[in-house]
Every structure is written in structure tokens, then in C-alpha cells.
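Grab a pencil and work through these short exercises with the structure open beside you. Try each task before you read its solution.

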Amino acid sequence: AVEAAAGVLRQTARILRSRMHLTPERIVSRMPLFSFEKGFAAADWVCVSDSLIGGYSTARLDEQQGFARFTGKLSTKTPVGAVKSGFAYFRSKPLMPSLLGATYLDIGECNALELVLRGDGRGYIVNIQTESLQPEDLYQAFVYTRGGPYWQTIHIPLVDFLLTTDGYLQQMQQSINMEHLATVGISISDRTAGPFTLDVKSISAVVMSKPLANMDVRPTA
């Protein structure tokens, strides 16, 4: 499903790349959402590939020392009866509901996501799911990775996420409901067969004084 909007997301990514700035001083405050530096509970995450629809891609989310590794092999071979294939993703599971109903992440006044990751030179898609009448609704933004050995600290303004339904870009775009985030995840669907590896240290919501896309490379351990 995420593949259908990949073309539009790539166009958006070209715009974002033209707006990259190495400006950590723009971060006013930070709200950690998910940290993998001290391990994580596999039961809190979902990791799947197009094998769900009979495809041939593989994917897994492994715990490493100080980070999580999203890895596998993408196959663009389309299974019989399917229209498209070649995708994999991982995402957080929704929070446990309370006695009053569903429970969501509330990121308050935050206006951007911050991801600390180390990629393989391939492009990935960051996905945000919010409370919605359509369970297939996702807000998506494209990110580039430059490959190791250095980590990247990426900032994506929330206004740069595009609303899609079942992978298709919606003409009527809506702002993200920042008080009702259900899941956050990352997918790959770049139409390139072969192995992929993405290491992730943390995902945070941040307040940026000037929310511009930032995909810098930090030479940190």
C-alpha cells in the first residue's frame, strides 16, 4: 500500500533536500517517543513485508547494542493475483486502551519529528498514523540515508507529511492531530530489489523555532 504514494513522496523529498540545514540550535525542546539505545520489547512493535500478500520480500526488526536494526531483502517480483509488491515496514503498536477507550500519544506543541538513524544509502518513508475514521490513513514523508558509518539526525516538520489512504495521496490534505498519534513507523518501497539495512537509535517529537527539513550527518559513535 505504501508503494502507491512513493512517486509523490520522492518529489516532496527533492524539495526537502533543497531545504537541508545543519542547525541543531533550532531545537527548542524535545519529547522522546521511542528509544532503542537500551533495548526494546519486540512485542511492542510490528514488522512485516509484502509476504502478507504472497510477496517475496523479507523483513525483521532486531535488537542490537544501542539501537534497533530494520533489515531484510526487498523483492519486486509481483505474486500471482497481486497488483503491486516490494515493500516492508515496521511500526509501533497502539497504546493499550484505558477504561475510557483508545489511548494515543500526545505530542502537544511539537512541530517536527526527530530521527537518529544510520542507513544504507536507500530511501525510506516515515509513517504516522493518527486517530481516523479510515484505518488505512497514514501521514508519510520521505527520507534519504547516506550510508554508514556515520549516524544521521533527521528533522522532518509535521507540515511536510502528506496524508495518504491505502497508499494513495489524498487531494484534501489535513493537519496531523498532534494529540492523537496512534503509531509511528518506517517503511521501504523504493522499487529496488536487494538487501536493505536501517539502524535506528531514537524517534522523538521536537519543537523547532524554524521548522525546516534537516537531514545532516553527525560523525558520532
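**Exercise 1.** Work out whether Phe 142 is buried or exposed.

*Solution.* Start with the cut-offs: buried means under 20% relative accessible area, exposed over 50%, and partly exposed in between (1.4 Å probe, protein chains only). Phe 142 has 6% relative accessibility, so it counts as buried. Now take Tyr 144: its value is 22%, so this one counts as partly exposed.

Next, look at the two rings together. Rings of Phe, Tyr and Trp (its six-membered ring) pair if their centres lie within 6.5 Å; planes under 30 degrees apart count as stacked, over 60 as edge-to-face and the rest as tilted. The count comes to eight aromatic pairs. Phe 142 and Tyr 144 form an edge-to-face pair, with 5.2 Å centre to centre and 70 degrees between the planes. Elsewhere, ring pairs link a cluster that includes Phe 34, Trp 45 and Phe 196.

A word on the ground rules: this is a predicted model, where local features need pLDDT of at least 70 and side-chain atom pairs count only at pLDDT 80 or more, while totals for chains, interfaces and linings use all residues. Residues are numbered from 1 along each chain as its sequence is written, and side-chain values use heavy atoms, with hydrogens and water left out.

**Exercise 2.** Find out which parts of the chain the salt bridge between Arg 30 and Glu 114 links.

*Solution.* First the rule: a salt bridge is a side-chain nitrogen of Lys or Arg within 4 Å of a carboxyl oxygen of Asp or Glu. The structure holds five of them. In one, the side chains of Arg 30 and Glu 114 meet at 2.7 Å, N to O. Then place the partners: Arg 30 is in strand E1 (residues 27–35) and Glu 114 in strand E6, 84 residues apart, so the pair links distant parts of the chain. (Strands, E, of at least two residues, and helices, H or I, of at least four, are DSSP runs numbered from the N terminus.) Finally, check accessibility: Arg 30 is partly exposed at 44%, whereas Glu 114 is buried at 5%.

For a second case, Asp 190 and Arg 122 form a salt bridge with their closest N and O atoms 2.7 Å apart. Both of these residues are buried.

**Exercise 3.** Say what surrounds Thr 103.

*Solution.* Begin with its place: Thr 103 lies in the loop between strand E5 (88–92) and strand E6 (112–118). With a relative accessible area of 27%, Thr 103 is partly exposed. Contact means heavy atoms within 4.5 Å. Leaving aside neighbours within four places in sequence, Thr 103 touches Leu 95, Met 96, Pro 97 and Ser 98. A polar atom of the Thr 103 side chain lies 3.2 Å from the backbone oxygen of Met 96. Last, measure up His 180: it is 77 residues from Thr 103 in sequence, yet 7.9 Å away in space, C-alpha to C-alpha.

**Exercise 4.** Find which elements have the lowest and highest mean pLDDT.

*Solution.* pLDDT is the predictor's confidence in each residue, from 0 to 100. The chain's mean is 85, and 83% of its residues reach 70 or more. Among the elements, helix H1 (residues 6–17) has the lowest mean, 55, and strand E4 (residues 67–74) the highest, 98. Be careful with residues 18–25, where pLDDT stays under 50.

Definitions and conventions. Polar contact = N/O pair within 3.5 Å; in protein donor to acceptor, adjacent residues only side chain to side chain.
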